[in-house]
Amino acid sequence: MKVLLSWLREFAPDIDGDPVELGETLSALGLAVEEMTITGGGLDGIVLAKVLDLSPHPDADKIQIVQVDAGDGEATQVCCGAFNMSVGDLIPFATIGTVMPDGMEIGRRKMRGQLSNGMCCAAAEIGLGCDDQGIMILTGRASEEQVGAPITEALGIEADVLWDLEVNANRPDAMSVAGVARDLAAGLGVPFTFPGFDVPAGPIGKSVDDLTRIEILDPVLCGRFVGRVLENITIGTSPAWMANRLTSLGMRPINSVVDISNYVMLELGQPNHTYDLGLVPGGHLRVRRAREGEKIVTLDGVERTLVASDGVIANGDDVAIGIAGVMGGASTEISDTTTDVLLEMAWWDPPSISRSVKRLNLPSEASGRFRRGADWGVNIDRACDRFVQLAVANGVISADGVIAGRIDVEGELPDRTPIRVRTSKVNGLLGTSLSTIEMAGHLSSIGFGAEVTGDDLDVAIPTWRWDAVTETDVAEEVGRLHGYANIERTVPRGVQTGALTSYQRDRRLVRELLVGAGCDETQPMPFLAPGDLARAGMPEDGVTLTNPLVADESVLRTSLLPGQLKAIAYNQSHRNPDVSFFEIDHVFLAAEPGGILPDEREYLAVALAGREAGDAVAILGLLGRSLALPNVQLRPAVPPGLHPTRSAEVVVAGRVRGVVGEVAFEVAEAFGVSGRVGWLELDLGALLDGPHGNHRYRPVSKYPSSDVDLAFEVPEDVAAARVEGSIHKGGGSLLTEVRLFDVYRGAGLPDGVRSLTYRLRFQADDHTLTDSEVAAARRACIDMVARQQGAVLRG
């Protein structure tokens, strides 16, 4: 939002001081000054010139030769790269020796062999606007009698201060000159008032009710709609003072009616729209939601298709003639033949306008204000009066053309019941010790109603602050006006310094255990390429992103396996073959029935390149002992992506918590991994949220132990873990350790059978075991395995 100092002073005449200091005050109030410019200066040497002739450059397609009269009656040749001029146009012209606002000095030079004696200027080049796409055309804003006059004199430009402010989305009131003036006046402690706008009473006997009718069919969409009628208008050009102000604030003057509309919007923050009343049957307007697929041609000449959430203004025949709060329709556009005008001032529901603007991609100055929340109160009446006053003053209409009265129809408006604001709460949020009276003074200075009630305030939010609805919003206003720089800086102290949760402690323990086991932690990206899950032998049911950072990484992973295999393949390609990795990160499973978001879980994965399933089971055993996981079992299964006979499900306390085994050869090969890969993947979140940590301690025996090796012939469909479980059950309290150290398949064994060799360690706590005790324990283990698993002891 841009504002001029002279314009601010029309609402607060006592605003005075150094422009830099005033800018700092605006920034302290939350309206950060992005740029400050002194306008009307630095234009010495720039004059009003007339275009006499245009001809193509003989040696360049993108340059033309322009002959201009710079005031001496002679033709001055200039080479110019813009082509928006016509013979007879009046333009700003920089003469030889002129130093431009950006510091460039204009000299006589040749361009492709043709002499150029000055420069035709764009608005942006001389600080009179933002347009740099063509030469600034001043025809209509200056007269031929002024040719040769300094541009400041020809356009009536006076020295002024222009601030370009950053206005946040929660400050709809600051999207107007009056709103900025209100804030600045409050910050400086000077009075702020709206000037009076005198409006002619209009001819006797004519009433606006006889000429137009307004219906609001959707009261949520339109909270208020005010209409006025102006007759016998004359469309021309705006006076120089108005055109200069519009240009300074970044808007291009168009004609007297459009310029008044834009001027009122910039000054008072109230967007408005004008209809050619002769093109509105019966002057009847109806506000409603669009019908699905309804079409309208907007002012920019584009046919647009609407949806049911869009709002429209329709005529009496129920034909849409405008998109509510976004853009008017071409069918009722003001033209040179327009005589009567219907003026619209309305308040539109901000969320509705925001949805339409985003869907149609039609941002504008007007819709930007409606989206933030315009004023639905007395400012609408004020803006109506200002429009009419300017129309009369600028010769658009005569006093007799102002039809008496206005139509004012209301829908549903925001609730403005006063809210209770606790002084202690505000001071707690801000870190201040302000009194209730001080807070009331700050709020009153910007138009908030503040009634002291004991130690609290009953605050009435003004209609121009749609964004402010809670006690916290009011606290923010108090902070702005008090000045954040005036709040003493303190370091907040918490009740406690904080601590890790039990889950975080266990997760750290897991990391420490795996690092101690020789594994390195990796953190692949959670995104996979389409097809990665299929290559990993898994269902392709991953959540697909609509806006991925990279097109070939658009699927959220359902397992950590693809990422780990990619990491192993990368290391193997760099001659680092046998790596051991682990990862603790999130996977994204399909949403629960009736859910919307993916089922996001934290998983643990361990990948052991060049190692077997038994090594992965050993890692599982390490975690189980350290976390005291109860009743850890391996259940035969063929998990997706794993070897069909060397893998199993991990069951803890009767619930499946993950998988362990080896990666299937074809899956490893699909990712470019050679050799075996031991694999362990656990649902870490569920594991640590379940029963664990109940460690059982036993004394360390001082007596010697005895080791026994047993080899069993076991069917392929019997998991080694089940055999180990039977050994533990048979060995009882004397069995302290069981370790699988050999797996054999081949000669001497029947088909479908493998040999599993275990080393058993027996030890008593209170004596040295005798040979007979060891033999009895050995026999008990053999019998239990044979009975429960059908295994046979190898001879």
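This passage describes the domains, nonpolar cores, sheets and aromatic contacts of one chain.

The structure is a predicted model. A convenient place to begin is the domain layout. The assignment divides the chain into domain 1 (2–40 + 160–188), domain 2 (46–155), domain 3 (208–410), domain 4 (419–482), domain 5 (502–689) and domain 6 (706–793). Domain 1 is thus listed as two segments, 2–40 and 160–188. Taken over C-alpha atoms, the centres of domain 3 and domain 6 are separated by 90 Å.

The nonpolar cores come next. In soluble globular proteins, nonpolar side chains tend to be buried together. In this model, the largest nonpolar core holds 89 residues, and the members that touch the most others are Leu8, Trp163, Phe225, Leu285, Met345 and Trp348. Because domain 1 (2–40 + 160–188) and domain 3 (208–410) both contribute residues, this core lies between them. Leu285 offers a good view of the surroundings: leaving aside residues up to four places away in sequence, Leu285 touches Arg213, Ile214, Glu215, Phe225, Tyr275, Val280, Ile313, Ala314, Ile321 and Leu342. A second core, separate from this one, has 29 residues, among them Met538, Val555, Leu561 and Leu565.

A contrasting leucine is found in the loop between α14 (532–535) and β27 (555–556), where Leu549 lies. With a relative accessibility of 77%, Leu549 counts as exposed. Its C-alpha is 9.4 Å from that of Phe527, and the two residues are 22 apart in sequence.

Turning to the strands, an open sheet of five strands follows the order β11-β14-β17-β18-β19, with mixed pairing. The edges are taken by β11 (213–216) and β19 (327–328); each has a single partner strand, so one side of each is left without a neighbour in the sheet. At the β19 edge, strand β18 (residues 320–323) runs antiparallel to β19 and is joined to it by two bridges. Here Gly322 stands opposite Gly328 in β19.

Hairpins add further detail. Strand β23 (residues 449–453) and strand β24 (residues 456–460) are antiparallel and joined by five bridges, with Val452 having Leu457 of β24 as its bridge partner. Two residues lie between these strands, and in the turn Gly454 has a positive phi of about 65 degrees.

Strand β31 (residues 642–652) takes part in two hairpins, one with β30 and one with β32. Eight of the 11 residues in β31 are buried, so that the strand is mostly covered. On the β30 side, strand β30 (residues 632–636) runs antiparallel to β31 through five bridges, and Val632 stands opposite Val652. The hairpin of β30 and β31 has five residues between the strands, and Gly641 in this hairpin takes a positive phi near 85 degrees. On the β32 side, seven bridges connect β31 to strand β32 (residues 655–663), again in antiparallel fashion; Ala648 stands opposite Val660 in β32. This hairpin has two residues between the strands, and Ala653 takes a positive phi near 55 degrees.

Aromatic contacts complete the picture. With a ring-centre cut-off of 6.5 Å, the count comes to seven aromatic pairs. One of them joins Phe192 and Phe194: the ring centres are 5.2 Å apart and the planes stand at 80 degrees, so the pair is edge-to-face. Phe192 is partly exposed at 21% relative accessibility, and Phe194 is partly exposed as well, at 24%. Trp347 and Trp376 also form an edge-to-face pair, with 5.5 Å centre to centre and 70 degrees between the planes. Since Trp347 lies in strand β20 (residues 341–348) and Trp376 in the loop between α8 (365–372) and α9 (378–393), the pair ties together parts that are 29 residues apart in sequence. Trp347 is buried at 2% relative accessibility, and Trp376 is buried at 6%. Trp7, Trp241 and Tyr263, in turn, make up one aromatic cluster.

Charged side chains also meet aromatic rings. The charged end of Arg382 sits over the ring of Phe194, at 3.6 Å from its centre. Arg182 lies over the face of Trp464, with 4.1 Å to the ring centre.

Terms used. Residues are numbered from 1 along each chain as its sequence is written. Side-chain values use heavy atoms; hydrogens and water are left out. Rings of Phe, Tyr and Trp (its six-membered ring) pair if their centres lie within 6.5 Å; planes under 30 degrees apart count as stacked, over 60 as edge-to-face and the rest as tilted. Buried means under 20% relative accessible area, exposed over 50%, partly exposed in between (1.4 Å probe, protein chains only). Helices (H or I, at least four residues) and strands (E, at least two) are DSSP runs, numbered from the N terminus. A charge sits over a ring if NZ of Lys or CZ of Arg is within 6 Å of the ring centre and within 35 degrees of the ring normal. Two strands pair if DSSP finds at least two bridges between them. A nonpolar core is a set of buried Ala, Val, Leu, Ile, Met, Phe, Trp, Tyr and Cys residues joined through side-chain atoms within 4.5 Å. Domain bounds come from an automatic or database domain assignment. Contact means heavy atoms within 4.5 Å.
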